[in-house]
Structures are given as structure tokens and as C-alpha cells.
Amino acid sequence: MSAPVIPKTQKAVIFYESGGALEYKDVPVPTPKPNEILINIKYSGVCHTDLHAWKGDWPLDTKLPLIGGHEGAGVVVGMGANVRGWKIGDYAGVKWLNGSCMSCEECELSNESNCPEADLSGYTHDGSFQEYCTADAVQAARIPQGADLAEVAPILCAGVTVYKALKSADLAAGEWVAISGACGGLGSLAVQFAKAMGLRVLGIDGGEEKKKMFHEMGGEVFLDFRLEKDMEAAVIKATNGGAHGVINVSVSEAAIEASTRYVRSNGTVVLVGLPANAYCKSEVFSQVVKSYKIVGSYVGNRADTREALDFFVRGLVKSPIHIVGLSTLPEIYEKMEKGQIVGRYVVDTTK
């Protein structure tokens with residue numbers, strides 16, 4: 001396939017200071033480095049991490065100015081001189097991990113996300129809220145040809161993240177997993193992955209709309225945090241002893257702490273969501289006597305990405321998405337801050 005004509009400028013959403021104005025404007029199209037591919041981003045998912053990056057919530061500096069986004073799905077339109085294994089026209093995805101050194105201990109152990117020199121899309125590397133984006137050819141996701149690029153976009157971060165978290169919980173088919181924040185962008189995918197992995201799924205979230213969505217996705221027991229007076233007792237009763245694993249994707253410090261009380265003996269609490277300045281508090285006596293584990297799970301590696309995409313391609317996981325124009329990103333962030341999002345917003349970079 002001949003190389004497509006690449007424009008000099010493109011539309012993007014960019015900000016120049018943390019919490020500053022989100023400007024939808026023309027910016028230069030980036031030039032790929034020798035190890036990078038250039039992807040014409042068709043769609044990008046919008047993640048809570050993007051909101052944190054814009055607001056400067058985390059103790060890790062972003063580049064400024066910054067174009068956010070790290071769930072970009074599109075088509076390869078260019079590549080650097082050292083790139084092998086990609087061709088023009090391939091479907092490719094921009095993940096949170098844009099690139100890593102591939103030579104440190106963590107990279108050798110396939111824990112590339114923990115690389116001290118990790119380059120992060122939409123954080124230290126301009127991300128997918130633009131029409132054209134660069135990505136390290138080694139870490140870029142290989143999306144199967146023919147996949148729906150709008151629906152696959154959230155799999156690149158939200159899907160991979162919750163799939164890896166479920167693996168980190170070390171659960172067996174038929175065991176209970178509680179998903180705290182079950183109907184947001186991460187939770188809605190976690191429910192489906194868990195169901196496809198043969199787990200019994202209890203979801204915690206709030207509202208009738210989310211309850212309906214949870215059951216439509218195959219969830220078994222829904223607990224509304226707004227109505228339950230004693231969540232610990234409710235989970236233990238519903239699961240006949242507590243959840244074997246808990247996936248915390250909500251951004252509530254109180255919900256994270258509560259999960260340490262309703263996890264089953266010898267179970268695993270997995271931390272995924274990142275509320276600003278939060279701590280996970282676990283009462284030491286109970287943790288020792290119940291012998292439960294608390295683990296962090298941070299996105300996934302290349303194998304996790306390939307496996308998560310396979311679930312999607314086989315139709316076992318669907319992204320409950322709302323497609324809007326890239327120019328509406330500030331409105332999405334506003335809804336996100338108010339907790340008004342059900343499923344996942346995906347932006348069309350041409351609008």
C-alpha cells in the first residue's frame with residue numbers, strides 16, 4: 001500500500017498548564033522517531049486518568065503543553081527507519097505505555113509498565129486526543145484488521161487494565177469477584193471479562209440505570225452503595241462469606257477501605273482506581289487472621305493486551321460506548337467529575 005498523504009497540521013485538544021483551558025485547535029502533525037510508527041487516530045476512549053493528567057492530580061509531572069489521551073485506535077500511515085513488523089494500513093492502538101527502555105530488570109520480566117524510563121501516552125508523550133499520534137513500534141497495540149475501531153479503543157487501556165487486574169486476583173472459575181465501581185468505563189468491562197472468565201460477579205455502584213446495565217452485561221448481584229446501610233454485611237451475605245477477589249476501580253478512598261472488610265479469608269483485594277492523595281487502610285489484625293492480600297495492578301504488558309483484544313474479537317466483551325466529537329472533551333470531563341458517566345465515552349477525532 002502506498003504511503004498516504006499526511007497533512008502538516010491537524011486538530012487536537014491541548015492544554016498549556018495543569019487545569020488550564022482545554023483548547024481545540026490546529027497543531028503540527030508529529031514526525032515519528034526512528035523507532036516509532038505514526039498512527040492516524042480515528043477514535044480515542046476517554047479515561048479517568050486523562051482527567052487526572054489535565055488537573056495535575058498525581059505526584060508525577062506531565063509534559064506541558066500536553067495533548068492527552070491513551071486509548072487511541074487507528075491506522076498506520078508512517079513509520080521510522082528502524083521499524084520492523086508493521087506496514088502502512090495496519091490497524092494499531094496507542095496504549096497508556098507508549099514506550100519503555102526494554103533493557104532494565106522490569107522490562108526483562110515483561111513488567112514494562114514499571115520501567116523507570118516508561119514513556120506514557122497523554123502524560124509524558126502527546127497522546128491520542130489528536131488526529132495523528134506517534135507510538136513506539138514495540139509497545140503499540142496490534143489491532144486485528146476489520147475490528148470496529150470505535151469499540152476497540154477502550155480495550156486498549158480500560159480493557160487491558162481490568163483484565164490484568166482480574167488475573168492479579170488469582171481467581172478460579174465459579175469464585176466470587178466484587179467489582180467496586182461496576183458500571184463506569186473500567187467496571188463495565190471488568191464485569192464482562194469476569195463473566196467470560198467463568199467468575200460470579202457482584203457489582204457495587206449507584207442508580208437504577210447502572211443496575212439495569214450491570215444485569216444486561218451478565219452480572220449476578222448488584223448492590224447500590226446509596227441504599228445499602230452496611231456494605232460489608234451485604235457483600236458477605238450475597239457471596240456466602242465474602243468475595244474471593246475485589247477489583248477496586250472506583251475513585252473512592254472509603255470504598256477501597258471497605259473492600260478490605262468484605263474480602264473473603266485468603267482472598268485478594270486489587271487496587272486499580274487512583275483517587276488523588278488516597279490511602280488504602282487495612283486493619284492489621286484482620287488482615288493477618290484472614291490472610292488476605294492487597295495488591296496493586298497497573299495496566300498490562302504486551303501479552304495482556306493481546307489476550308484482552310482476543311476476548312474482544314471473539315465477541316465475549318463489548319465496549320458500552322458513547323461516540324462524540326473530540327471538540328466536546330471539556331464537557332466529558334465535567335460529566336466525569338460529577339460521576340454522571342455510564343459506560344465509556346469515545347471521541348471521533350474528525351469532529
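## Two domains and a buried phenylalanine

In this predicted model, the centres of domain 1 and domain 2, taken over C-alpha atoms, lie 28 Å apart. The domain assignment of the protein chain, which is an automatic or database one, places residues 9-154 + 320-348 in domain 1 and residues 159-296 in domain 2. Residues are numbered from 1 along each chain as its sequence is written, and side-chain values use heavy atoms, with hydrogens and water left out. Local features need pLDDT of at least 70 and side-chain atom pairs count only at pLDDT 80 or more, whereas totals for chains, interfaces and linings use all residues.

The interface between domain 1 and domain 2 is summarised below.

| Item | Value |
|---|---|
| Residues in contact (heavy atoms within 4.5 Å) | 11 of domain 1, 14 of domain 2 |
| Buried area (accessible area, 1.4 Å probe, lost on putting the two parts together, summed over both) | about 960 Å², 65% from carbon and sulfur atoms |
| Salt bridges (side-chain nitrogen of Lys or Arg within 4 Å of a carboxyl oxygen of Asp or Glu) | zero |

On the side of domain 1 that touches domain 2, the residues divide into five nonpolar, four polar and two charged; here Ala, Val, Leu, Ile, Met, Phe, Trp, Tyr, Cys and Pro count as nonpolar, Asp, Glu, Lys and Arg as charged, and the others, Gly among them, as polar.

Phe311 is placed in helix α10, which covers residues 302-313, helices being DSSP runs (H or I, at least four residues) numbered from the N terminus. With a relative accessible area of 11%, Phe311 is buried, a term that means under 20% relative accessible area with a 1.4 Å probe, protein chains only. Leaving aside residues up to four places away in sequence, Phe311 touches Tyr163, Phe193, Ala196, Met197, Leu316 and Val317.

Definitions and conventions
Helix = DSSP H or I, 4+ residues; strand = E, 2+ residues; numbered from the N terminus. Buried < 20%, exposed > 50% of the residue type's maximum accessible area, 1.4 Å probe, protein only.
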